[in-house]
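Ready for a few exercises on a protein model? Try each task yourself before you read the solution.

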Amino acid sequence: MNQLLETIAQVRREVCELHAELTRYELVVWTAGNVSARIPGHELMVIKPSGVSYADLTPESMVVTDLYGVPAEGEWDNPAFSPSSDTAAHAYVYRHMPEVGGVVHTHSTYATAWAARGEAIPCVLTMMSDEFGGSIPVGPFALIGDDSIGQGIVETLRNSTSPAVLMQNHGPFTIGKDARSAVKAAVMCEEVARTVHISRQLGEPLPIDQRSIESLYARYQNAYGQ
């Protein structure tokens with residue numbers, strides 16, 4: 001149990017700190033948006049409390065839930081806050097995509113504008129080939145409150161190389177092997193959404209052929225960096 005408590009404390013700190021990245025990159029306004037992380041080896045997750053200002057977030061305010069979004073009782077002392085209104089969606093993803101360790105949701109301006117049109121972001125940038133392995137797909141319209149959004153995320157991303165999905169009329173959700181990877185995907189999603197939008201104001205962007213996309217994706221995923 002002591003090891004579990006240490007792990008939960010560490011994940012709470014990480015999730016709290018990663019919310020600051022959403023404001024740093026201007027991906028959220030007011031209290032919208034959230035980051036969650038799976039507790040490795042346990043049927044638990046950590047997520048932002050609902051309606052709490054980003055400036056007021058602390059590691060202790062992060063809510064521990066089971067993988068159905070129900071606040072979990074234990075020695076970790078859950079706060080007297082309800083978890084995010086998107087908790088059911090995050091939980092559904094963790095239940096059905098065991099490789100996912102982090103989920104992020106924002107309403108970042110440009111990505112959400114594409115979602116409002118129900119339009120995938122075409123792969124016309126090498127940056128997109130690197131990070132997403134192709135276009136950023138659109139997921140189905142779904143109401144908030146149950147796991148319908150989670151179902152749409154899983155259906156769309158299960159067989160996709162993209163770690164991001166634009167849920168129609170809602171906004172982007174991103175996944176990753178951990179919460180930091182999911183935050184990176186959210187930052188990159190907004191960046192390419194903005195760039196491709198601007199490009200289309202100037203003319204029709206030039207597509208990248210599938211063979212080059214696959215080559216770029218393989219290099220970035222397997223050889224780039226240290």
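Below are four exercises, each with a worked solution.

This is a predicted model, so to speak with its own rules: local features need pLDDT of at least 70, side-chain atom pairs count only at pLDDT 80 or more, and totals for chains, interfaces and linings use all residues. Residues are numbered from 1 along each chain as its sequence is written, and side-chain values use heavy atoms, with hydrogens and water left out.

**Exercise 1.** Work out the strand order of the open sheet, and find its edge strands.

*Solution.* Start with the elements: helices (H or I, at least four residues) and strands (E, at least two) are DSSP runs, numbered from the N terminus. Two strands pair if DSSP finds at least two bridges between them. Going across the seven strands, you read β3-β2-β1-β4-β7-β6-β5, and the pairing is mixed. Now look for strands that pair on one side only: these are the edge strands, β3 (63-66) and β5 (138-139). Finish at the β5 end, where β5 and β6 (residues 164-167) pair in the parallel sense over two bridges. Val138 has Leu166 in β6 as its bridge partner.

**Exercise 2.** Find which strands α1 and α5 touch as they pack on the sheet.

*Solution.* Contact here means heavy atoms within 4.5 Å. Helix α1 touches β1, β2 (44-47), β3 and β4 (102-105), and its direction makes about 160 degrees with that of β1. Helix α5 (residues 148-157) touches β5, β6 and β7, at about 130 degrees to the direction of β6. Axes are lines fitted to C-alpha atoms, for helices over the stretch in contact, and angles run from 0 to 180 degrees between N-to-C directions.

**Exercise 3.** Describe how α1 and α6 lie against each other.

*Solution.* First, the axes of α1 (residues 2-24) and α6 (residues 179-202) come within 10 Å and cross at roughly 5 degrees. That makes α1 roughly parallel to α6 (the term covers angles under 35 degrees). Next, list the residues that meet: Leu18, Glu21 and Leu22 from α1, with Ala179, Arg180 and Val183 from α6. By class, this contact has four nonpolar, no polar and two charged residues (Ala, Val, Leu, Ile, Met, Phe, Trp, Tyr, Cys and Pro count as nonpolar, Asp, Glu, Lys and Arg as charged, and the others, Gly among them, as polar).

**Exercise 4.** Say which helix gives the largest share of the lining of the largest pocket.

*Solution.* A pocket is an open set of points on a 1 Å grid over the protein atoms alone, where a 1.4 Å probe fits, with protein on both sides within 12 Å along at least five of seven lines; lining residues have an atom within 4 Å of a point. The largest pocket has 20 lining residues, and Glu131, Gly176, Lys177, Ser181 and Gln221 are the closest to its centre. Helix α6 gives the largest share, four residues.

Methods: Parallel < 35°, antiparallel > 145°, perpendicular 65-115°, else oblique.
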